[in-house]
Amino acid sequence: MLSNKTAVITGSTSGIGLAYARAMAEQGANIMINGFGNADAIENERASIEKDFSVKCVYSSADMTKPDEIHAMIHEAEKMLGSVDILVNNAGIQHVEAIEHFPVEKWDAIIAINLSSAFHTIRTAVPYMRQAGWGRIINTASAHALVASPFKSAYVSAKHGIAGLTKTVALEVAEDNITANAICPGYVWTPLVEKQIPDTMKARDMTEEQVKKEVLLAAQPTKEFVTVEQVAGLAVFLCSDAAASITGTLLPMDGGWTAQ
Ligand code: NAD
């Protein structure tokens, strides 16, 4: 479905971003992955995408806090892969602390990575999409783009911000065969979430199952984690012709969290 298309996916060295990369490659897209991590592990992932799906996959180490590097990454994708048809803004970090103690540098980093990086990628990629007469912009927002939780001021602000950016861009490119949408996952089973479990078991004297259901999934009526494959499946659908009229939307995939 996506052969002859290219996808640039920020923050795709692990978790949801890596699942997007593999799902889009499976549909035939050439891929630029991006993010931090162990160099050998990243090279293994890059090479396995090429081998498993017979597509081209390149890696950019651009830091999503640095506008110049972001701008260069988009141009590099066009040079190396021939176009920038699909842009997925996914890089993200979290910090959980009360507002009066929230470190200023954490606020700045979260706003830069989770929100401003998408402004920089989109403004550089849209001219390429307009030139090609087709484009898909997909932002990984969060249930926290729709509702708040305490102690996550920067994250909730950035995710509400990306909701506004998604809608605004959708209106600006609506007549150019380009769509812009945000996926709003609830809790997704990624290494990030998995790592929190042992500490929480110790701190609360709970079993792994109790931590998952009573702490992490307290807000999620299904009491099941969303999977990275489900999120990636929605992103692939948004790239299909059937989704051409879906634009400017915030699509929850949260096991019922925001229905409450
Ligand atoms: P993750 O930690 O597995 O992945 C985050 C990715 O972002 C990694 O590839 C990391 O290297 C990259 N990254 C971090 N800082 C970067 C920077 N400065 N420059 C470039 N890349 C950088 O986490 P994840 O759970 O897969 O999260 C991916 C996205 O999904 C984030 O935007 C997150 O807010 C969102 N999200 C996650 C959940 C969840 O429960 N896991 C729920 C809703 C939304």
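# A tour of the cores, cavity and pockets

By the rule used here, there is one cavity of 30 Å³ or more. Keep in mind throughout that this is a predicted model.

**Stop 1: the cavity.** Select Thr10, Asn89, Asn90, Ala91, Ile113, Asn114, Ser117, Ala118, Thr140, Lys159 and Ile162. These residues line the largest cavity. Its volume is about 40 Å³. Now colour by element. Two elements, α4 and α5, give two or more residues to this lining. The most come from α4, with four residues. What is the lining made of: how many nonpolar, polar and charged residues? Four are nonpolar, six are polar and one is charged.

**Stop 2: the whole chain.** Zoom out. Switch to cartoon view. The chain has nine helices and seven strands. Along the principal axes, its C-alpha atoms fill a box of roughly 55 × 40 × 35 Å. A compact globule of 260 residues would have a radius of gyration near 18 Å, and the chain has 18 Å, so the two agree. Buried residues make up 50% of the 260 residues. Next, turn on contacts. Of those with a separation of 6 or more, 72% join residues 24 or more positions apart.

**Stop 3: the largest core.** Select Val8, Ile74, Ile122 and Ile137. Within the 39 residues of the largest nonpolar core, these four touch the most other members. Then show α3 (67-81), α4 (104-132), α5 (153-172) and β6 (178-185). Each of these elements gives two or more residues to the core. Which element gives the most? It is α4, with 10 residues.

Stay on Ile122. Leave aside residues up to four places away in sequence. Ile122 then touches Leu87, Asn89, Ile137, Asn139, Leu165 and Val169. Asn89 was on the list for the cavity lining too.

**Stop 4: the second core.** Select Ile31, Ile86, Val188 and Leu234. They are included in a second, separate core of 34 residues.

**Stop 5: the largest pocket.** Select Gly92, Gln94, Tyr155, Thr190 and Leu192. Of the 45 residues lining the largest pocket, these lie nearest its centre. The pocket has a volume of about 1,200 Å³. Bring up α1 (15-26), α5, α6 (191-194) and α8 (208-216). These are the elements that give two or more residues to the lining. Colour the lining by residue type. It divides into 23 nonpolar, 18 polar and four charged residues.

**Stop 6: the second largest pocket.** Select Ala118, Phe119, Ile122, Arg123, Val126, Pro127, Arg130, Leu165, Thr168, Val169, Glu172 and Val173. They line the second largest pocket. Its volume is about 180 Å³. Both α4 and α5 supply at least two residues each. How many residues does α4 give to this lining? It gives seven, the most of any element. By type, the lining holds eight nonpolar residues, one polar and three charged.

**Last stop: back to α4.** Select 104-132 once more. This helix gives the most residues to the largest core. It also gives the most to the cavity lining, and the most to the lining of the second largest pocket. Finish on two of the residues met along the way. Ala118 is in the cavity lining and in the lining of the second largest pocket. Ile122 belongs to the largest core and also lines that second pocket.

Conventions: Residues numbered from 1 in each chain as written. Predicted model: local features only at pLDDT ≥ 70, side-chain atom pairs only at ≥ 80, totals over all residues. Heavy atoms only, no water. Core = buried A, V, L, I, M, F, W, Y, C linked by side-chain atoms within 4.5 Å. Buried < 20%, exposed > 50% of the residue type's maximum accessible area, 1.4 Å probe, protein only. Contact = heavy atoms within 4.5 Å. 1 Å grid on protein atoms, 1.4 Å probe; cavity = no way out; pocket = protein on both sides within 12 Å on 5 of 7 lines; lining within 4 Å. Points joined across faces, edges and corners; volume = space filled by probe spheres on them. Nonpolar A, V, L, I, M, F, W, Y, C, P; charged D, E, K, R; others polar. Rg over C-alpha atoms; globule rule 2.2 N^0.38 Å.
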